[in-house]
Amino acid sequence: MNYIETLGEKAKAASKVIGIASAGVKNDALAHIADALIENTDVIIKANSLDMDSAESNGISKVMQDRLRLTPERIAGMADGIRTLIRLDDPVGVVDYGITRPNGMRITRVHVPMGVIGIIYESRPNVTSDAGALCLKAGNAVILRGGKEAYNSNKAICEVMRKAAAKAGLPEDVIQFVDDTSRETASDMMKCSKYIDLLIPRGGAGLIQAVKNNANVPVIETGVGNCHVYADSTADIKMAVDIIDNGKTQRPSVCNAIESLLVHKDIAEKLLPAVAERFKSHNVEIRGCEETRRILGDSVIPATEADYGTEFLDYIISVKVVSDIDEAIAHISKYTTGHSECIVTNSLDNAEKFKREIDAACVYVNASTRFTDGGEFGLGAEIGISTQKIHARGPMGLAALTSWKYLIDGNGQIR
């Protein structure tokens with residue numbers, strides 16, 4: 001039995017306890033966890049400082065360092081997210097379908113926990129608390145395997161959560177941390193179908209593709225966000241600039257930030273200079289088509305085919321001037337990762353056309369893609385943004401971490 005299988009065996013045993021725990025017990029554990037995160041802020045920040053020092057010495061970009069950094073305010077936000085979960089209804093035991101058959105059998109479909117969930121993720125230590133808390137509330141045990149960049153932060157957060165869960169009478173092993181960031185442990189998690197019921201990768205395209213291509217555990221694909229804004233011919237210029245600026249610069253290192261801008265040719269002369277002016281304070285690098293370069297000048301880098309398909313996660317954006325909404329939709333359909341797409345328009349017809357024809361988890365009209373978030377959608381903390389077309393799509397809250405069980409009550413029926 002390898003290291004991951006050992007963790008899996010412990011998680012499977014713990015899942016039997018958490019799977020039948022009452023909402024009160026789970027909420028009590030979450031309350032202890034939220035309080036413990038605040039009480040151990042100094043411990044967590046001290047661990048995070050080790051990761052930050054390592055990131056700086058290894059030349060990790062400032063944008064990626066921002067993903068890694070923890071502050072008292074961010075830890076307080078993590079705790080607040082957990083307290084939000086306490087206020088949400090428990091998804092376990094919810095009946096969402098029922099029927100009585102002509103032969104008298106009564107059939108109901110009820111939400112049940114997945115069992116053991118494995119999370120493989122990179123860079124962002126807040127994922128540790130979000131994922132652990134969500135899995136616990138949904139009645140699952142979880143095995144957390146973070147990246148080496150956030151090793152010390154993740155370990156400290158996980159230890160705080162384990163001890164807090166135990167205070168509520170739950171096994172510590174409802175939350176486990178993979179104390180080994182080697183590729184072997186990631187590979188072993190992908191193959192651990194005996195103990196892990198669902199695997200969720202959170203990180204860059206490379207990680208997600210590796211998990212998809214190599215896992216024999218069921219996988220939910222999350223995270224990669226080549227998100228677009230299309231400014232239509234009728235768009236309000238100020239609104240468009242605000243949405244584009246917010247989508248690109250408010251936090252460029254996250255998956256719901258925009259990576260590409262499409263502008264209708266009729267407003268390009270007005271909109272593009274206004275966008276470029278707004279971008280100056282963040283030194284956003286613009287990679288554009290020939291028409292974009294004609295309007296904005298040689299400071300714009302010629303865009304390549306690869307640029308339009310890249311999730312930059314940085315102060316870089318690709319830009320293209322298009323002739324109409326059909327060209328915009330065709331471009332988005334070619335390059336989208338199915339995450340979040342936006343149109344800025346005052347045309348009801350074009351808004352409805354965009355919503356109807358764009359195939360993505362979240363489609364926006366006149367609002368920033370930065371709202372693609374479990375908290376912003378009222379789901380509490382999220383475990384990720386699913387870009388697949390399965391039972392979980394878009395921000396994955398509590399219900400996405402449950403499965404179904406059919407319960408059939410009869411009185412002797414045979415077939």
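## Helix α1 and what covers it

In this predicted model, the buried residues of helix α1 are covered by a mix of helices and strands, including α2 (23-39), α6 (126-137) and α8 (183-191) on the helical side. The strands that help cover them include β3 (116-121), β4 (141-145) and β5 (175-177). Which residues of α1 are buried? They are Ile 4, Leu 7, Gly 8, Ala 11, Lys 12, Ala 14, Ser 15 and Ile 18.

You can also check the length of α1, which covers residues 3-18. At 1.5 Å a residue, its 16 residues should span 22 Å, and the end C-alpha atoms are 22 Å apart, so the two values agree. Look at the start of the helix too: a side-chain oxygen of Asn 2 comes to within 3.1 Å of the backbone nitrogen of Ile 4. Ile 4 is itself among the buried residues of α1.

## The parallel sheet

Three of the strands that cover α1, namely β3, β4 and β5, turn up again in an open sheet of 4 strands. Its order is β5-β4-β3-β6, and the pairing is parallel. At the edges stand β5 and β6 (198-202); each has a single partner strand, so one side of each has no neighbour in the sheet. From one strand to the next, the twist averages 20 degrees.

Zoom in on β4 and β5 and you'll find 3 bridges joining them. Ile 143 stands opposite Gln 176 in β5. Helix α7 (residues 151-167) packs on this sheet, where it touches β3, β4 and β5. The direction of α7 makes about 155 degrees with that of β5. Another helix, α9 (residues 205-214), lies across β3 and β6, and it runs at about 160 degrees to β6.

## The antiparallel sheet

There's also an open sheet of 3 strands, this one with antiparallel pairing and the order β1-β2-β16. Its edge strands are β1 (95-100) and β16 (402-409), each of which pairs on one side only. Here the twist averages 25 degrees from one strand to the next.

How many bridges join β1 to β2? There are 5, and β2 takes in residues 106-113. Two facing pairs are easy to pick out: Val 95 stands opposite Val 110 in β2, and Gly 98 stands opposite Thr 108 in β2. β1 and β2 make a hairpin with 5 residues between them. In the turn, Gly 104 has a positive phi of about 95 degrees. As a general point for looking at any sheet, side chains in a regular strand alternate between the two faces.

## Helix α15, a helix with two sides

Helix α15 (residues 348-357) has Asn 350, Ala 351, Lys 353 and Phe 354 buried. Seen down the axis of α15, the buried residues fall within an arc of 165 degrees, so they line one face of the helix. On the other side, Leu 348, Asp 349 and Arg 356 are exposed. What do the buried residues of α15 pack against? Their partners are the strands β7 (227-231), β12 (340-344) and β13 (362-365), along with helix α14 (325-335).

Asn 350 deserves its own look. With a relative accessibility of 18%, Asn 350 counts as buried because the cut-off is under 20%. The side chains of Asn 350 and Asp 232 are joined by a polar contact of 2.7 Å. Leaving aside residues up to four places away in sequence, Asn 350 touches Asp 232, Ile 325, Ile 343 and Thr 345.

## Gly 247 and Arg 87

Is Gly 247 buried or exposed? At 0% relative accessibility, Gly 247 counts as buried. This glycine lies in helix α10 (residues 237-249). Gly 247 touches Ala 257, Ile 258, Ser 368 and Arg 370, if you leave out residues up to four places away in sequence. Gly 247 and Cys 227 are 20 residues apart in sequence, and their C-alpha atoms are 9.1 Å apart in space.

Now turn to Arg 87, found in helix α5 (residues 72-87). Arg 87 is exposed, with a relative accessible area of 62%. Along the chain, Arg 87 and Arg 124 are 37 residues apart, and 25 Å separates their C-alpha atoms.

How values were computed: Residues are numbered from 1 along each chain as its sequence is written. This is a predicted model: local features need pLDDT of at least 70, side-chain atom pairs count only at pLDDT 80 or more; totals for chains, interfaces and linings use all residues. Side-chain values use heavy atoms; hydrogens and water are left out. Buried means under 20% relative accessible area, exposed over 50%, partly exposed in between (1.4 Å probe, protein chains only). Contact means heavy atoms within 4.5 Å. Two strands pair if DSSP finds at least two bridges between them. Axes are lines fitted to C-alpha atoms, for helices over the stretch in contact, and angles run from 0 to 180 degrees between N-to-C directions. The arc is that of the directions from the helix axis to the C-beta atoms. The expected span of a helix is 1.5 Å times one less than its number of residues. A polar contact is a pair of N or O atoms within 3.5 Å; within protein, one must be able to donate a hydrogen and the other to accept it, and residues adjacent in sequence count only if both atoms are side-chain atoms.
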